[in-house]
Amino acid sequence: MKILMILLLEVYHKGSSVTKMVSNALDTLFTKGDAIAIDMPMTSIAVIIYLAIILAGYVVVSIADSFAAKEIATRMRISKAKGIFTQDFIIRGGRKFPLYSRVIEGSNCQTIVVPSSGDDVALTLRSHDLSWRDFLSRVAGLPRPCDYSPVYRPANAVINILFSSGTTGEPKAIPWTQISSIRSSADVWAHLDIQAGDIFCWPTNLGWVLGPILLNSCFLNGATLALYHGSPLGCGFGKFVQNASVTILGAVPSLVKFWKSSKCMDGLDWTKIRVFGSTGEASDIDDDLWLSSRAFYKPIIECCGGTELSSSYIQGSLLQPQAFGAFSTPSMSAGFVILDEQGIPYPDDKPCAGEVGLFPKFMGASDMLLNADHKKVYFDGMPSYRGMILRRHGDIIQRTVGGYYIVLGRVDDTMNLGGIKTSAVEIERVCNRADENVLETAAVGFRSRAGGPEELVLFAVLKTGMAKQETSLRAKFQRAIQKELNPLFKVSLVKVVPEFPRTATNKLLRRVLRDELSKGSTLSKL
């Protein structure tokens, strides 16, 4: 049976007695300022550990629990972490998946191991590692183990090291300061209207940017954090949302698509929800309509940003009319322009599409990287606007006639079809609606080794039980693209695959699909 839990913790400086006990125990093992990693599911214990590390003046290193040993080793090396918290196993669907063994394969640092079930770990630890029980017992001799005075640090002090996804090389190590936490919580207050008394639920992990954003948003705004210990793919999660009376629910679009296609949330009462949040990838309008209908057509606030920004640069707003699958405004205090192919900003009132250039003054954004040249990554080669060098982000966005914004994908996801630049996301939006048996599509531009013009290749994932009909799909996709986008665009190939390659944060890896085409692969491995 899944564990259902609602956790209410106080703001950092008023942490619970358990948080203070953990802070005291940390002082017996580490030196102030040390980096300490967390690699475990987002449980109540993981949240307590995160808060305790910051309360005691240390630095959290965020590592996703899905990573292989090599990826763990990379992040431990870059961050120079002195220790790591983990679990013995991850329990999903009644099955146990090893986690501690992956962690120790990737790191020789002292590891504190939390049991996934019961009171003690279910395996033998290395001699220098500690079980959660033994770790807490280190404060037994203190006269007041549950009292702790917060370590006050400057506003620009680093409290958390997060990482980019690292899909194109070594992940960028991005330090967050206390200002980053304030920025992330302020954005959720301004755009999702989080208030004291709200119950906020968003399936995520502390290893990704949304995990710390979720904690900051709840605890700095007086809301309650709702944690579900299990997979969000089934009815169990939906019942949790219902029974916990969740008022703000967030999800990634692919998760919403699964809920809709599987009908696993049918019959549940989500009417306590007053606003939805969506981020991570482009939303589908029909899926958004379905999600909104679960709560009497409550609004869905789209959010798009990055780890290096500590929040979003473009969002929806409850103070403006919203359109499904679109953004309505720059984030609070943020600004940007849309650049043409020569790097010249379009007028603010003109419908257009191009690479976004962010205004450089962005509260909470990074000003350094631990393992790369920050200026080279984000500023070198960017044009000026009104006397300031714009900040690079890498998104292609469209401003519509009505003044809304649509994120069309990354700069690397654009393709040149017959001399016309277009976005993969734009093509996928059209093809996803071309056949009712299509669950999702992925568009990539491909050039053969012999050269020649770029060709459009579409990959499709079908609903369960549907037969492969690639020739028929190609005709349907072709008609839809010619009708809704451009009659000159030609679909060269359609390939049906069981699923798409994705990052651990569920972002589609079109690059992997493109690479497989280059190898002449049958794509059966995908």
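**Notes on the predicted model**

1. Let's start with two helices. Helix α2 (residues 44–55) and helix α7 have axes that come within 12 Å and cross at roughly 80°. That makes α2 and α7 roughly perpendicular to each other, a label used for angles of 65 to 115 degrees, with under 35 degrees counting as roughly parallel, over 145 as roughly antiparallel and the rest as oblique. The axes here are lines fitted to C-alpha atoms, for helices over the stretch in contact, and angles run from 0 to 180 degrees between N-to-C directions. Helices and strands are DSSP runs (H or I over at least four residues for a helix, E over at least two for a strand), numbered from the N terminus.

2. Before going on, a word on where this comes from. This is a predicted model, in which local features need pLDDT of at least 70 and side-chain atom pairs count only at pLDDT 80 or more, while totals for chains, interfaces and linings use all residues. Residues are numbered from 1 along each chain as its sequence is written, and side-chain values use heavy atoms, with hydrogens and water left out.

3. Which residues make the contact between α2 and α7? On the α2 side they are V47, Y50 and L51, and on the α7 side P212, L215 and F219; contact means heavy atoms within 4.5 Å. Sorted by class, this contact has 6 nonpolar, no polar and no charged residues. For that sorting, Ala, Val, Leu, Ile, Met, Phe, Trp, Tyr, Cys and Pro count as nonpolar, Asp, Glu, Lys and Arg as charged, and the others, Gly among them, as polar.

4. Now to the open sheet. It is formed by 7 strands in the order β8-β7-β4-β2-β3-β9-β10, with mixed pairing. Two strands count as paired if DSSP finds at least two bridges between them. At the edges sit β8 (130–131) and β10 (173–177), each pairing on one side only. Inside the order, β4 and β7 (residues 110–114) run parallel and are joined by 5 bridges. One bridge to look up is that of F85, whose partner in β7 is I112.

5. Two helices pack on this sheet. α3 touches β2 (35–39), β3 (59–62), β4, β9 (158–163) and β10, and its direction makes about 145° with that of β9. Helix α7 (residues 210–219), already met in the first point, touches β3, β9 and β10, and its direction makes about 5° with that of β10.

6. T74 is worth a click while you're looking at α3, since that helix is where T74 sits. Is T74 buried or exposed? It counts as buried, at 15% relative accessibility; buried means under 20% relative accessible area, exposed over 50%, and partly exposed in between (1.4 Å probe, protein chains only). Leaving aside residues up to four places away in sequence, T74 touches E170 and P171.

7. Further along the chain there is another run of paired strands. β18 and β19 run antiparallel, joined by 4 bridges, and I338 stands opposite V356 in β19. β19 also runs antiparallel to β22, this time with 6 bridges, where E355 has I396 as its bridge partner in β22. Strand β19 (residues 352–358) has 5 of its 7 residues buried, so it is largely enclosed by the rest of the structure.

8. Next comes β23. Strand β22 (residues 391–399) pairs with β23 in the antiparallel sense over 5 bridges, and the partner of I396 in β23 is G409. The hairpin of β22 and β23 has 5 residues between the strands, and G403 there takes a positive phi near 90°. β23 (residues 405–410) is mostly covered, with 5 of its 6 residues buried.

9. Two backbone angles to check by eye. K80 has a positive phi of about 55° although it is not a glycine. You'll find K80 in the loop between α3 (69–79) and β4 (83–87), exposed at a relative accessible area of 63%. S333, also not a glycine, has a positive phi near 70°. Its loop lies between β17 (329–330) and β18 (336–339), and S333 is exposed, with a relative accessible area of 54%.

10. Last, the cysteines. How many disulfides does a search of the whole structure find? The result is 0, taking a disulfide as a pair of cysteine sulfur atoms within 2.5 Å. For C235, the nearest cysteine sulfur is that of C264, 6.7 Å away. C235 is partly exposed, with a relative accessible area of 29%.
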